[in-house]
Amino acid sequence: MRIGFATGYDAAMGVREMADRVRRAEERGYDIGFFSETNNVMRDGVSAIAAFGLATRRITLGFTQIVRLRSPVVMAQTAATLDELTGGRLVLCPGACTHSQAVTHGLDDLDPPRALVEWVDAIRLLLSGERVSYAGEIVRLNGTRIGWTPARRRVPIWIAAMSRTGLRLAARIGDGVLLNAVSSPEYAANAVAILKDAVREAGRAWETFEVAEIVNCSVEDDHDAAVDAVRWEVASKFNPAKPSSQVGPRKRVGEPHIREEDLPMLAEAYERGGVEALIRAFPAAWIEGLTATGTPDEVVCRVQRYRDAGVTLPILRPAARHQADRVIDLFAPR
């Protein structure tokens with residue numbers, strides 16, 4: 001029963017504390033320690049994974065990376081360096097650079113799927129250690145080569161995906177997929193069906209394709225307290241002040257827990273009282289549907305539903321700093 005532990009969203013938790021939690025997860029038998037690099041401009045994934053690598057010895061280490069924030073050459077250097085530092089334990093999880101992410105980072109809008117494909121192609125070629133020339137629509141290289149022999153010529157790449165387009169792209173170019181947080185087991189089951197068809201259409205082996213998912217966990221002795229602890233993160237995905245494509249793509253995959261009739265109420269709450277009012281207004285039914293939230297027994301059962309949906313590696317991200325150790329212990333394989 002493989003399991004992972006994720007961090008990176010909590011502004012109150014510094015990188016040293018995160019690394020300590022990942023070390024503890026390793027001691028308790030976890031398979032992967034994961035860092036979520038977010039569009040909220042929190043700590044960066046490269047620095048965090050370096051810290052995690054120095055704090056651990058066995059556990060696989062992965063992190064999300066929005067493409068175009070680092071050039072393919074810089075990211076290939078970085079991936080090769082982190083893989084060397086960790087003794088070949090790195091997994092890279094790139095995701096497309098959306099319009100909102102381009103705005104945050106002052107980048108021009110470019111076609112997100114095309115940029116993702118070319119970025120992944122170039123990274124893989126550079127990690128081979130050979131001299132690379134590449135003439136894409138977005139990425140162009142002319143005889144570029146990493147200056148040393150990488151520890152591994154193929155670092156696993158799981159594509160971070162949410163939409164049907166992203167899922168089918170992951171099936172075609174990824175060693176696996178990382179399904180988005182704040183998504184239900186029902187969404188996961190629908191995503192897995194899309195992935196299976198696309199992997200087989202691409203002539204690839206489904207049995208070797210990894211399906212990982214960031215699962216938001218909120219564990220308290222009182223169910224309502226657990227719901228309240230994770231409200232902030234669910235609200236952050238659907239903030240009316242940050243126009244995004246969260247609703248449409250999730251619904252088209254088959255997310256049943258997003259009620260579009262509630263969206264005007266949430267927008268009104270935000271206009272009336274900002275982020276705090278939005279958080280308070282979020283319906284408990286959304287939170288319970290989109291996360292693994294509740295008492296310990298409820299959360300264990302809920303995570304099993306993600307497994308039953310076809311997620312091969314649930315990666316648990318606690319909703320609050322004080323929940324981290326409890327989540328680790330609750331799901332510890334040993």
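Where is Val182 found? Select Val182 and look at its surroundings: Val182 sits in the loop between β8 (176-179) and α7 (185-201). Helices (H or I, at least four residues) and strands (E, at least two) are DSSP runs, numbered from the N terminus.

Before going on, note that this is a predicted model, in which local features need pLDDT of at least 70 and side-chain atom pairs count only at pLDDT 80 or more, while totals for chains, interfaces and linings use all residues. Residues are numbered from 1 along each chain as its sequence is written, and side-chain values use heavy atoms, with hydrogens and water left out.

**Stop 1: two loop residues**

Stay on Val182. Its phi is positive, about 55°, although Val182 is not a glycine. Val182 counts as buried, at 0% relative accessibility. Buried means under 20% relative accessible area, exposed means over 50%, and partly exposed is in between (1.4 Å probe, protein chains only).

Now select Arg68, in the loop between β3 (60-66) and α3 (72-85). Arg68 is not a glycine either, and has a positive phi of about 85°.

**Stop 2: Glu37 and Phe52**

Move to Glu37, in the loop between β2 (32-35) and α2. With 13% relative accessibility, Glu37 counts as buried. Its side chain reaches the backbone nitrogen of Gly45 at 2.4 Å. That is a polar contact: a pair of N or O atoms within 3.5 Å, where within protein one must be able to donate a hydrogen and the other to accept it, and residues adjacent in sequence count only if both atoms are side-chain atoms.

Next, select Phe52, which is part of helix α2 (residues 45-55). Phe52 counts as buried, at 0% relative accessibility. Add Phe34 to the selection: the two residues are 18 apart along the chain, and their C-alpha atoms are separated by 9.1 Å.

**Stop 3: helix α5**

Select residues 112-127, which form helix α5. What span should its 16 residues have at 1.5 Å a residue? The expected span is 22 Å, and the end C-alpha atoms are 22 Å apart, which agrees. The expected span of a helix is 1.5 Å times one less than its number of residues.

At the N-terminal end of α5, Asp111 acts as a cap, with a side-chain oxygen 3.1 Å from the backbone nitrogen of Arg114. Just after α5, select Gly129, which takes a positive phi of about 90°. Color the buried residues of α5, among them Leu116, Trp119, Ile123 and Leu127.

Arg124 also lies in α5. Is Arg124 buried or exposed? Arg124 is buried, with a relative accessible area of 18%. Its side chain makes a polar contact with the side chain of Asp175, at 3.1 Å.

**Stop 4: helix pairs**

Show α5 together with helix α6 (residues 164-173): their axes come within 11 Å and cross at roughly 20°. Axes are lines fitted to C-alpha atoms, for helices over the stretch in contact, and angles run from 0 to 180 degrees between N-to-C directions. α5 and α6 are therefore roughly parallel to each other. Angles under 35 degrees count as roughly parallel, over 145 as roughly antiparallel, 65 to 115 as roughly perpendicular and the rest as oblique. The crossing of α5 and α6 is right-handed. A crossing is left-handed if the near helix is turned anticlockwise from the far one by less than a right angle, and right-handed if clockwise.

Replace α6 with α3. The axes of α3 and α5 are 9 Å apart, and the helices pack at an angle of about 50°. α3 and α5 are therefore oblique to each other, and their crossing is right-handed.

Then show α2 with α3. These two pack at an angle of about 15°, with axes 9 Å apart. α2 and α3 are therefore roughly parallel, and their crossing is left-handed.

**Stop 5: Ala198**

Select Ala198 in helix α7. Ala198 is buried, with a relative accessible area of 6%. Add Arg168: the residues are 30 apart along the chain, and their C-alpha atoms are separated by 5.6 Å.

**Stop 6: cysteines**

A disulfide is a covalent bond between the sulfur atoms of two cysteines. Here a disulfide is a pair of cysteine sulfur atoms within 2.5 Å, and the count comes to 0 disulfides. Select Cys301 and Cys217. Why does Cys301 form no bond? The closest cysteine sulfur to that of Cys301 is in Cys217, 13 Å away, too far for a bond. Cys301 is exposed, with a relative accessible area of 52%, whereas Cys93 is buried, at 0%.
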